[in-house]
Amino acid sequence: MSDRSSVAPVDEVAQWLAAARGVLALTGAGISTDSGIPDFRGPNGVWTRDPEAAKLFTLDAYVADPAVRRRSWIGRREHPAWSAQPNGGHASLVELERSGRLAAIVTQNIDGLHQRAGNSPDKVIEIHGTMSEVECLSCDDRTGMDEALARVAAGEDDPDCRLCGGLLKAATISFGQSLHGPTLRRAVRAAERCDLLLAVGTSLTVQPAAGLVEVAAEAGARVVIVNAAATPYDPIADAVLREPIGTVLPALVHQLI
């Protein structure tokens, strides 16, 4: 990983954005915190406040322990994403799409807020899946999360697959679970073809999503990281912006319109 980091003011980054013809936005939990959805590793993150919560996102623990599954279903039913609204960061990426410069969004988030904000669904690559559906770990059948949560509300604390009786889980990627191959390949192609990668609100510690930064850089794209804390990929970024996402993204996109 070669070091090409530099300090660039927001105005200069805005010029890069204006000159770009194929921007890839790589988004993480930090873009949704202003919508009331806590991140995982930040000072008030889910795992910071409750380290045991990490088990809910680990496939082996989920499969082995009915108590983990029961807690997971309660968490899904009470997840703040159901009532969350897109914020200014999401709206800025909608404007970037409308400008004709956005090639794709690869999001590590499962909340669907990019689509609800107005980004075209075919431009959003949900590399870690979606919380709006459930899947059977045995037969791969997929159904809507609404149906499963209705069963939980009716008294089923660990609903099973109605086709085969297998374990149901949100259609999201847990630790220890392989990414969906076609989705990952689509994300890698987007990184190879972009001329600017804009990483927003991601710690860039979870692979293989984080590795898309290096893929883009090696293909010749500029890399801009917008995140409150340092990331492992800061040394190869052309610019690192520490300003709040809800401030800096609108400032960048405003100069385009």
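What is the volume of the second largest pocket? I find about 350 Å³, where a pocket is an open set of points on a 1 Å grid over the protein atoms alone, reached by a 1.4 Å probe, with protein on both sides within 12 Å along at least five of seven lines, and the volume is the space filled by probe spheres set on the points. Of its 18 lining residues (an atom within 4 Å of a point), the closest to the centre are Glu 126, Gly 129, Arg 142, His 180 and Thr 183.

I note that this is a predicted model, in which local features need pLDDT of at least 70 and side-chain atom pairs pLDDT 80 or more, while totals for chains, interfaces and linings use all residues. Residues are numbered from 1 along each chain as its sequence is written, and side-chain values use heavy atoms, without hydrogens or water.

Next I looked up helix H4, residues 66-77 (helices are DSSP runs of H or I, at least four residues, and strands runs of E, at least two, numbered from the N terminus). Its buried residues (under 20% relative accessible area, 1.4 Å probe, protein chains only) are Val 68, Arg 69, Ser 72, Trp 73 and Arg 76. They cover an arc of only 135 degrees around the axis, taken from the directions to the C-beta atoms, and so lie on the same side of H4.

Last, I checked two residues with positive phi that are not glycine: Asp 140, at about 70 degrees, is exposed (over 50%) at 60%, whereas Leu 204, at about 55 degrees, is buried at 2%.
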